[in-house]
Amino acid sequence: MKNQLLTGPYYFGMKDLEVFKKHFIQENKGKPLFLIRFENITGIELTEFLDLLRTEFYSCLDLEDICFGFHYLEKQNILLMGISPLFEWDIEKFPNIENSVGKFQQQCLQNKIVSFHFGVSRTQSNFISDNEEIFAELFKSSEKNLNDNLVRWSWTYYNKANTYISGSVHEAMIQPTVIFNPKDKTYSVKGGEVFLGGGAYIGYKDLINDIPSDQDINRIELLILEKLIIACEGAPGLLKFNISPQSLIDTFSQNDRVDRLKKLILSKDLSPENVRFELVEKPYDESKFHLKDVCHAFYSHGMSFAADDFGVKSQSHQIVLDLGIMIKEFKLDPISFKFKIEEDQIKFLDNLAFIDYCKRLADNREAVITAEAVEDFDTLNFLMEHQIYQFQANILFGKMTVTDYKRDFDLLHSIHEDVVKEVLTDKILSEKQKKVGNLFLVASEEGLI
């Protein structure tokens with residue numbers, strides 16, 4: 001493999017930036033990309049330095065699965081080296097490119113071959129951004145990293161978050177949405193909300209804690225969204241993904257990006273009609289683009305929206321009014337139904353009025369109401385008495401891997417309400433359900449279905 005690479009056409013894009021972008025970015029969609037920036041190269045001719053990179057530096061990488069190419073910015077005397085896997089790198093064996101360049105730099109200085117400064121950047125060659133955006137991100141980050149290295153006199157530490165985001169591993173968790181059918185008195189799973197986690201990270205907050213403060217969080221959200229969609233390849237049912245209104249506005253204000261997202265969804269054997277975006281409750285700026293216009297581009301492709309954390313103190317009411325029929329689901333915040341009538345009758349009556357208000361909003365949009373975080377059977381029963389029949393709650397299901405969800409989806413239907421009541425009201429069975437987090441599995445193991 002190494003000999004094939006060393007004798008191959010490695011000069012693509014050396015003089016032509018557009019050719020470099022095409023080979024380095026366009027042809028590596030979905031793969032991690034590294035851009036190494038070499039500046040102040042002294043003591044050696046450029047062609048000799050290229051040969052060193054293709055031999056000595058390549059040995060430092062100790063990788064078989066790798067392709068690379070070069071571009072030279074003559075006026076600035078900057079050499080760019082692009083690196084990407086031919087196939088894919090396992091997350092556990094992900095190469096430490098920064099460390100390898102640092103090792104190569106030290107060897108060159110010790111042997112008095114060449115001196116240079118370097119900066120390394122990385123990102124996913126994601127499906128939504130175009131070549132120009134991705135290259136600009138890499139170029140800017142490599143310059144920052146070079147300046148950081150000059151200050152610290154060391155190469156960049158191996159960043160776990162960047163490794164996960166840039167890596168090819170696709171993992172996700174899903175919490176199923178359970179629907180009660182009042183006609184036949186049965187519960188079934190029709191889809192669920194998809195979360196980051198299940199491997200390198202426990203969840204979104206765990207990842208965000210590893211993201212440096214100077215990073216573009218909107219871009220991070222986009223990369224996470226793509227990774228979750230890819231992880232759901234071939235998954236059945238309605239799949240729901242969280243996104244902040246600001247990220248939606250900033251990322252998808254251009255319709256061609258929405259078109260690219262639809263192509264990604266279709267390429268993963270998913271239907272746009274089965275994709276729903278949950279708009280999380282965060283402030284946003286509409287000075288340049290209106291949220292309604294951005295959402296309409298998605299809606300025209302069959303995708304829909306949910307109002308997340310919708311409650312009596314929610315700030316999402318304006319979004320609901322603005323988006324109209326594009327809102328197809330209200331995720332009812334537990335603050336709207338967690339109360340005891342004997343403790344606070346006013347709150348009880350206020351919440352009843354709010355639930356009635358939600359039902360009218362939902363009926364006007366042909367939308368559904370999903371109660372989140374229901375914690376006990378009495379509350380579940382109360383909600384059904386008031387015609388709330390859809391739930392995303394740990395007493396029924398906790399998070400499971402998307403792999404398990406796809407495997408078991410056909411089994412997660414038609415469990416009778418008597419069985420659910422028995423599991424949730426029996427002390428031993430309810431404790432088991434809390435540990436297992438899968439009501440269908442507990443009922444099956446106990447011989448109830």
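User: Happy to start with Ser100. Which helix holds Ser100, and is Ser100 buried or exposed?
Analyst: Bear in mind that this is a predicted model. Ser100 has its place in helix α4, residues 97-110. Its relative accessible area is 10%, and buried means under 20%, so Ser100 in α4 counts as buried.

User: Which residues does Ser100 touch, not counting those up to four places away in sequence?
Analyst: Sequence neighbours up to four places away are set aside here. What remains in touch with Ser100 is Phe57, Cys60 and Leu61.

User: Phe57 makes me curious about rings. Which cluster do ring pairs build around Phe57?
Analyst: A search of the whole structure turns up 17 aromatic pairs. Some ring pairs join Phe57 to other phenylalanines in a cluster. Its members are Phe38, Phe49, Phe57, Phe104 and Phe116.

User: Let's look at Phe49 and Phe116. Is that pair stacked, edge-to-face or tilted?
Analyst: Among the 17 aromatic pairs, this one has ring centres 5.5 Å apart and planes at 55°. Planes under 30 degrees apart would count as stacked and over 60 as edge-to-face. The angle of 55° falls in neither range, so the pair of Phe49 and Phe116 is tilted.

User: How many residues apart in sequence are the parts that Phe49 and Phe116 tie together?
Analyst: Phe49 lies in helix α3 (residues 46-61), while Phe116 belongs to strand β4 (residues 115-124). Phe49 is buried at 0% relative accessibility, and Phe116 is buried at 3%. Because one ring sits in the helix and the other in the strand, the pair ties together parts whose separation in sequence is 67 residues.

User: Nice. Now the largest nonpolar core: which of its members touch the most other members, and which helix gives the largest share?
Analyst: This core has 93 residues, and Phe241, Leu248, Phe252, Phe277, Phe298 and Phe330 touch the most other members. The largest share of the core is nine residues, and it comes from helix α8, residues 217-231.

User: Which residues of the second, separate core can you name?
Analyst: Besides the core of 93 residues, there is a second, separate one of 30 residues. It includes Phe116, the residue that pairs with Phe49. Named alongside Phe116 are Phe34, Ile36 and Phe118.

User: Back to Phe277. What is Phe277 in contact with, leaving aside neighbours within four places in sequence?
Analyst: With those neighbours left out, the contacts of Phe277 include Phe241 and Phe298, which are also among the core members that touch the most others. The full set is Leu225, Phe241, Ile243, Leu261, Phe298, Met303, Ser304, Phe305 and Ala306.

User: Phe298 is in helix α11. Within what arc do the buried residues of α11 fall?
Analyst: In α11, residues 291-299, the buried residues are Leu291, Val294, Cys295, Ala297 and Phe298. Looking down the axis, they line one face of the helix, because they fall within an arc of 150°.

User: And what do the buried residues of α11 pack against?
Analyst: Their partners include both helices and strands. The strands are β8 (275-279) and β9 (304-310). The helices are α9 (245-252), α10 (255-267) and α12 (317-323).

User: On to charges. How far apart are the closest N and O atoms of Lys331 and Glu193, and how many residues apart are the parts they tie together?
Analyst: Side chains of opposite charge can pair when their charged atoms come close. Lys331 and Glu193 form a salt bridge with the closest N and O atoms 3.0 Å apart. Lys331 lies in strand β10 (residues 327-332) and Glu193 in strand β6 (residues 186-195), so the pair ties together parts separated in sequence by 138 residues.

User: Are Lys331 and Glu193 buried or exposed, and which residues share their salt-bridge network?
Analyst: Lys331 has a relative accessible area of 0% and Glu193 has 3%, so each counts as buried. The network links them with Glu278 and Glu372.

User: For Arg360 and Asp356, which helix is it, and what is the distance between their closest N and O atoms?
Analyst: Both residues lie in helix α13 (residues 345-365), four residues apart, about one turn. Arg360 is partly exposed at 46%, as is Asp356 at 38%. Their salt bridge in α13 has its closest N and O atoms at a distance of 2.8 Å.

Definitions and conventions: Residues are numbered from 1 along each chain as its sequence is written. This is a predicted model: local features need pLDDT of at least 70, side-chain atom pairs count only at pLDDT 80 or more; totals for chains, interfaces and linings use all residues. Side-chain values use heavy atoms; hydrogens and water are left out. A salt bridge is a side-chain nitrogen of Lys or Arg within 4 Å of a carboxyl oxygen of Asp or Glu. Helices (H or I, at least four residues) and strands (E, at least two) are DSSP runs, numbered from the N terminus. Buried means under 20% relative accessible area, exposed over 50%, partly exposed in between (1.4 Å probe, protein chains only). The arc is that of the directions from the helix axis to the C-beta atoms. Contact means heavy atoms within 4.5 Å. Rings of Phe, Tyr and Trp (its six-membered ring) pair if their centres lie within 6.5 Å; planes under 30 degrees apart count as stacked, over 60 as edge-to-face and the rest as tilted. A nonpolar core is a set of buried Ala, Val, Leu, Ile, Met, Phe, Trp, Tyr and Cys residues joined through side-chain atoms within 4.5 Å.
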